[in-house]
Amino acid sequence: TITLRATGYGQRPEDAIRHAEENAFWTLLFRGVPGSPQATAMVRDTSRPEDSPHAAYFDELLAGGRYATFLTESCTEGEPVRTQNGRRAQVTLTVNTQALRRDLEQHGVLRQFGY
């Protein structure tokens with residue numbers, strides 16, 4: 001597992017929390033988290049997931065909310081703060097990276113290790 005802290009924005013507190021969770025998964029999948037065991041991106045073959053041959057999978061995972069199945073814990077740090085454009089929320093979440101990698105392999109996004 002990996003524990004991340006992410007910030008999200010939205011008009012309602014629920015939108016800001018969801019945006020923070022999506023941002024954490026986006027970073028984990030496509031950028032990596034420097035200074036952690038997952039320092040490199042899990043998916044390196046695409047710079048823009050919407051242009052990927054697996055765009056439907058990423059849409060379901062991120063926009064469809066399927067990422068929540070890989071969360072073992074998600075805690076909002078205080079109440080979402082009101083800003084000029086809506087609300088800002090900081091969320092600490094723990095992601096089961098092993099299960100996420102297995103799911104990516106099963107859907108053909110990643111090749112299994114050693115194959």
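The expected span of a helix is taken as 1.5 Å times one less than its number of residues, and helices (H or I, at least four residues) and strands (E, at least two) are DSSP runs numbered from the N terminus. The structure is a predicted model, in which local features need pLDDT of at least 70 and side-chain atom pairs count only at pLDDT 80 or more, whereas totals for chains, interfaces and linings use all residues. Residues are numbered from 1 along each chain as its sequence is written, and side-chain values use heavy atoms, with hydrogens and water left out.

**View 1. The whole chain, with its order of elements.** The chain holds three helices and four strands, which run β-α-α-β-β-β-α from the N terminus on. Its C-alpha atoms fill a box of roughly 50 × 25 × 25 Å along the principal axes. The radius of gyration (over C-alpha atoms; the globule rule is 2.2 Å times the number of residues to the power 0.38) is 15 Å, which agrees with the value near 13 Å for a compact globule of 115 residues. Among contacts (heavy atoms within 4.5 Å) between residues at least 6 apart in sequence, 61% join residues at least 24 apart.

**View 2. Helix H1 and its buried residues.** The 18 residues of H1 should span 26 Å at 1.5 Å a residue, and the end C-alpha atoms of H1 are 26 Å apart, which agrees. Buried residues (under 20% relative accessible area with a 1.4 Å probe, protein chains only) of H1 are Ala16, Ala20, Glu21, Ala24, Phe25, Leu28, Leu29 and Phe30. Their cover includes strands S1 (2–10), S2 (71–76) and S4 (86–95), together with helices H2 and H3 (97–106). Gly32, which follows H1, has a positive phi near 90°.

**View 3. The packing of H1 on H2.** Helices H1 (residues 13–30) and H2 (residues 55–63) pack at an angle of about 140°, with their axes 10 Å apart; the axes are lines fitted to C-alpha atoms over the stretch in contact, and angles run from 0 to 180 degrees between N-to-C directions. H1 is therefore oblique to H2, a class left for angles that are not under 35 degrees, over 145 or from 65 to 115. H1 contributes Arg18, Glu22, Phe25, Trp26, Leu29 and Phe30 to the contact, and H2 contributes Phe58, Leu61, Leu62 and Ala63.

**View 4. Asp103 in helix H3.** Asp103 is buried, with a relative accessible area of 9%. Leaving aside residues up to four places away in sequence, Asp103 touches Tyr57, Arg66 and Phe70.

Conventions. Buried < 20%, exposed > 50% of the residue type's maximum accessible area, 1.4 Å probe, protein only.
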